[in-house]
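Colleague: I am new to this one and would like to be taken through it step by step. Could you show me the structure before we begin?
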Amino acid sequence: MWIEALILSTLVASGIVLLAPNRYAGKLAAALSLAPLALSGIMWLNYDAAGNALLGGDMAYETTTRWVEFASYGLNWHVGVDGISMPLIVLTTILTTLAIVSAWTPIDTRQSQFYGLVLFLQAGLLGVFTALDFFVWFIFWEVVLVPMYFLIAIWGGPRRKYAAIKFFVYTNIASLIMFVGFLTLVFSMGPSVRAIDLTQVAQLVRTPGVVEGIAGFSPNTVKLFAFTLMFLGFAVKVPIVPFHTWLPDAHVEAPTPVSVLLAGVLLKMGTYALLRFNFTMLPGVVRDYAALIAVFAVVSVIYGALLALAQQDLKRIVAYSSISSMGYVILGLVAYTTHGVGGATFQMLSHGFISGLMFMVVGVIYNETHTRMVGDMSGMADRMPWTVGIFVAAAFGYMGLPLMSGFAGEVLVFLGSFDSTISPLFTAVAMFGIVIVAGYLLWAMQRTLFGPFDLETEYEIRPRPSTTWHRWWCCCSVWSGWVSTLTSSTV
Amino acid sequence: MTGATLLELPEYAAVAPAVIMIVTALLLLVIDSISPEPGENDRLALNAVAIVGAVTALSVSAWFLVAGTGQTEGPISLFEGALVVDGMALFFSIIVSSVTVLVLLAGYDYAAGDRYQAEYQTLVFLAASGMILLGMANSFVAAFLSLELASLPSYALVAYLKHNRGSVEAGLKYFLVGALSSAVMLYGISLVYGVTGTFQFAAVAEAIADTGLVGILGVGIVMIVGGVAFKTASVPFHFWAPEAYEGAPAPVSAFISSASKAAGFVLAFRLFVTAFPIGVVEGVVDWTLLFLVLSIVTMTLGNFAAATQENVKRMLAYSSVGHAGYVLIALASVTTGSDGYALGAGMAHLLVYGFMNTGAFLFIALTEYWDVGRTFEDFNGLGWEAPVACVAMTVFMFSLAGLPLGGGFVSKYILFGAAVRSGLWWLAVIAAINSALSLYYYSRVVKAMWIDDPEGSFEIESYPVGIYAAIVIAAVVTVLLLPGFGLVSEHASAAASALV
């Protein structure tokens, strides 16, 4: 019942906040978001399962109830957490609370709708990470799009409408293609599958000889077909180059708190799903086409980093570097070794915290200066020492400096992929990504943060953060930075 | 309801839903002839009778369906097999009477101050009884008569605003295309009769098995498909739909696009499964292939045309054509020896569609009542003026687009699943791409209501109770059908399995 309580408390909070007056909505939402945060914390502390549940690992807080009976098929309300989803749930609850707090200043219209939608988004995300029946999972997967669309389209930047509809339609097409792919896999197993329960499907698909050919195709072709469709669908969400074009638009136009959730949690939906579906259910296809997938991963790493290098807008830099970071996750997954998959999972978490932190810091700078362009400012360290300090810490995390969580994630991924059957060349090339990351981050920091103070826009900057919100900002940011280092030590 | 109490009812009581509709229609005419110039009290009385009549028909259908009438002890065959009452007939009776209830509720305000209100309601009831009978029809004669009973009042309803040129033109167009397709269908029926010598669906199937006149039979079947295409607003007889839906009063558009479409489909389901089972007519004409082509063309044409519209009502009209294309997947996915999965999916989708599409058209009725305007831009900023109605409209739009804010999500994906299951994965891909495209134009309405800023400002003077009630009910049911989809799917798949 823990998971139901978790999702329900978020939904109820969302309803309450939607009806609350604008003035109190922000504080109320933050207070109410503590409930799921506490719940997920307790779940984590009492959690004694480990491993991938679909591969026979343990499952905690599991519930199953028959939901829909259709012809000879059944859909179950089946939820549970395992070693992969538990950290992501905690990531979601922490980042949501942080995003809500960070929205207190920048969001100054229609607050109750804003916070209500953020909480609704959280409910969807928690559902994605806990659902174990395909259809239930798919419902949550699609639910996430709705609040995200409104959050970008109503509170976003100047080109928000274009960015929102692009995000909406692009990711929806991807979901539908993935849907067809998964169903092909399920129906190819003939009458042996009567429920699209992920655990059952995963076990059956992995049993040799269960998948039958349909429509004149051999079983292996069917598997490859299903794999390709699902991979395409998830690749958009991750995003993997060349399916990434929605991401910069959405990130740049989205308000900062939404960018935090978008980079911090939404991108993880893609890699989580890839791990749950493609890599768990069809390891044979992964083995056969490992080199090809590794190419996608490496191209994402390098190309994403190069794109980031070419940007002037701080928010765009962080957005493109997310593509690069998610490339490491894919590389770790395709390596399919203990270190690789573990590193990929850890990299998901680490990137969630670091990119969230980066977006928050950029948001603070933007609020003070009303510009995000690298060329428009310099010497910010002079006026905003705290913010800049955090910026530097987050950037070091991104670069993968030792003792930071980014380091742990990347090292594990590299260890894993060097160890695996795919050519070490891929790993070697991907490692160059780090150099580029360091390049653009150091360059951006040097130009904006250090040197003599100068600002092109006409805003006064107080030398010291004095307002309440700003202190909040710092606390939150430091905290999330601290959490990321803490988790790094636990691995 | 126990079986014992059921036994007390005579068999012919099974047609009660249709009878209630007809009796209410006559009752309304009587009230109207007693006081032909309705005052406020008469208006209340008329509406009360109408709504009570429709709700009774709905409750009786639901009661029969839950109690197992015509299901536990096999279908109830009446009038020497001309009509049959089974799970499918009752299921569609529920769809038709639910839509009727919603449309009548909205009509309370929409037709207020109109002196022909009783006629309007009578026509709705007559058409509804025709649609319910269409679901029970088990012979070509009964089917054709019910079809005409459903169609003729619909023509008059579309042209109801007789001083409005658009309405009259739409009525005429609807009538002409309807007359043409009826003639085509009748000719097809006569050819089938000529080959088989019987009108009864099951007997036709038996006679086909040992006939040599394959060519004539094939032509007949194709012509009957034409009649079905008209009623369901599918290609190639869809031309009337955008005109009629746009020109007709919005509640009538809701009625025709939801209930009438469902009635067309129930005829198709029963007809093609019992009279022309795919295993029997395989050598004659492969109607699954025919429906496959129609499905692809219909959904693609409907969705692409909808995407280019500037007028919201017309966009909904084309989207309705697109949804006919989705439901045709159910017929295209029928295979030899298949279970009730495909047809059940189609039925479930039609039920959910009945609520979400009716709700969407009734929202248009609301904007017509307020005189907001017809284009997307006219809806700008409406969300902050009338939040309740616009939240409901958002639910309808996203549910129609297949996002999980309502039951449309589950029913649509189970329908796509039917295609994949029959090996037509590429049909599912085409449908999925269509569905994603539809998100673009549905979200335009949502974007206009909540995101775009209005150019001028307008005052909403009054909030009509009836239309609001209908919209809110439709929205609540649409949302509840997501968690409660199990209730629908159970009956739908049971009814479909009993038929195939």
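**Burial, folds and contacts**

Modeller: Of the 500 residues in chain B, 63% are buried. Please keep in mind that this is a predicted model.

Colleague: What does the secondary structure of chain B come to?

Modeller: Chain B has 20 helices and 2 strands. Its radius of gyration is 21 Å, close to the 23 Å that the globule rule gives for 500 residues, so chain B is as compact as a globular protein of that length. Along the principal axes, the C-alpha atoms of chain B fill a box of roughly 70 × 55 × 45 Å.

Colleague: Among contacts in chain B between residues at least 6 apart in sequence, what percentage join residues at least 24 apart?

Modeller: The figure for chain B is 80%.

Colleague: And chain A, how many helices and strands there?

Modeller: Chain A has 20 helices and 4 strands. With a radius of gyration of 22 Å, close to the 23 Å from the globule rule for 491 residues, chain A is as compact as a globular protein of that length. Its C-alpha atoms fill a box of roughly 70 × 55 × 40 Å along the principal axes, and buried residues make up 62% of the 491 residues.

Colleague: Let us turn to where the chains meet. How many residues of chain B are in contact with chain A?

Modeller: There are 34 residues of chain B in contact with 29 residues of chain A. On the side of chain B that touches chain A, at least two residues each come from H14, helix H17 (408–421), helix H18 (425–450) and helix H20 (485–499). The largest share, 12 residues, comes from H18(B).

Colleague: What is that side of chain B made of, by class?

Modeller: The side of chain B that touches chain A has 20 nonpolar, 10 polar and 4 charged residues.

Colleague: You mentioned H14 of chain B. Why is it described as largely enclosed?

Modeller: Of the 30 residues of H14(B), 28 are buried, so this helix is largely enclosed by the rest of the structure.

Colleague: How far apart are its end C-alpha atoms, and what should the helix span?

Modeller: H14(B) covers residues 341–370, and at 1.5 Å a residue it should span 44 Å; the end C-alpha atoms are 43 Å apart, which agrees. The helix bends by about 30° at B:Tyr353. B:Asp371 follows H14(B) and has a positive phi, near 65°.

Colleague: Any other residues with a positive phi?

Modeller: B:Phe79, although not a glycine, has a positive phi of about 50°. B:Phe79 is in the loop between strand E1 (76–78) and strand E2 (83–85) of chain B. In chain A, A:Tyr336 has a positive phi of about 60° and is not a glycine either. A:Tyr336 lies in the loop between helix H14 (314–335) and helix H15 (338–369) of chain A.

Colleague: Is each of those two buried or partly exposed?

Modeller: A:Tyr336 counts as buried because it has 20 C-beta neighbours inside 10 Å. B:Phe79 has 13 C-beta neighbours inside 10 Å and therefore counts as partly exposed.

Colleague: Back to the strands of chain A. How do E1 and E2 run?

Modeller: Strand E1 (residues 60–70) and strand E2 (residues 73–81) of chain A run antiparallel and are joined by 8 bridges. A:Thr65, for instance, has A:Trp77 in E2(A) as its bridge partner. The two strands form a hairpin with 2 residues between them, and A:Ala71 in the turn has a positive phi of about 45°.

Colleague: Where are there cis peptide bonds in chain A?

Modeller: A cis peptide bond joins A:Val238 and A:Pro239, with omega about -10°. The bond from A:Val241 to A:Pro242 is also cis, with omega near 5°. A:Pro239 is in the loop between helix H9 (219–237) and helix H10 (246–253) of chain A, and A:Pro242 lies in the loop between H9 and H10 as well.

Colleague: One last residue: B:Ala159. Where is it, and what does it touch?

Modeller: B:Ala159 sits in the loop between helix H6 (140–158) and helix H7 (165–196) of chain B. Not counting residues up to four places away in sequence, B:Ala159 touches B:Ser167, B:Val168 and B:Gly171. B:Ala159 is buried, because 24 other C-beta atoms lie within 10 Å.

Conventions:
Residues are numbered from 1 along each chain as its sequence is written. Chains are lettered from A and ligands numbered from 1 in the order in which they are written. This is a predicted model: local features need pLDDT of at least 70, side-chain atom pairs count only at pLDDT 80 or more; totals for chains, interfaces and linings use all residues. A residue is buried if 20 or more other C-beta atoms lie within 10 Å of its own, exposed if 12 or fewer, and partly exposed in between; C-beta atoms are placed from the backbone. Two residues are in contact if their C-beta atoms, placed from the backbone, lie within 7 Å. The expected span of a helix is 1.5 Å times one less than its number of residues. The bend at a residue is the angle between axes fitted to the seven residues ending there and the seven starting there. The radius of gyration is taken over C-alpha atoms; the globule rule is 2.2 Å times the number of residues to the power 0.38. Ala, Val, Leu, Ile, Met, Phe, Trp, Tyr, Cys and Pro count as nonpolar, Asp, Glu, Lys and Arg as charged, and the others, Gly among them, as polar. Two strands pair if DSSP finds at least two bridges between them.
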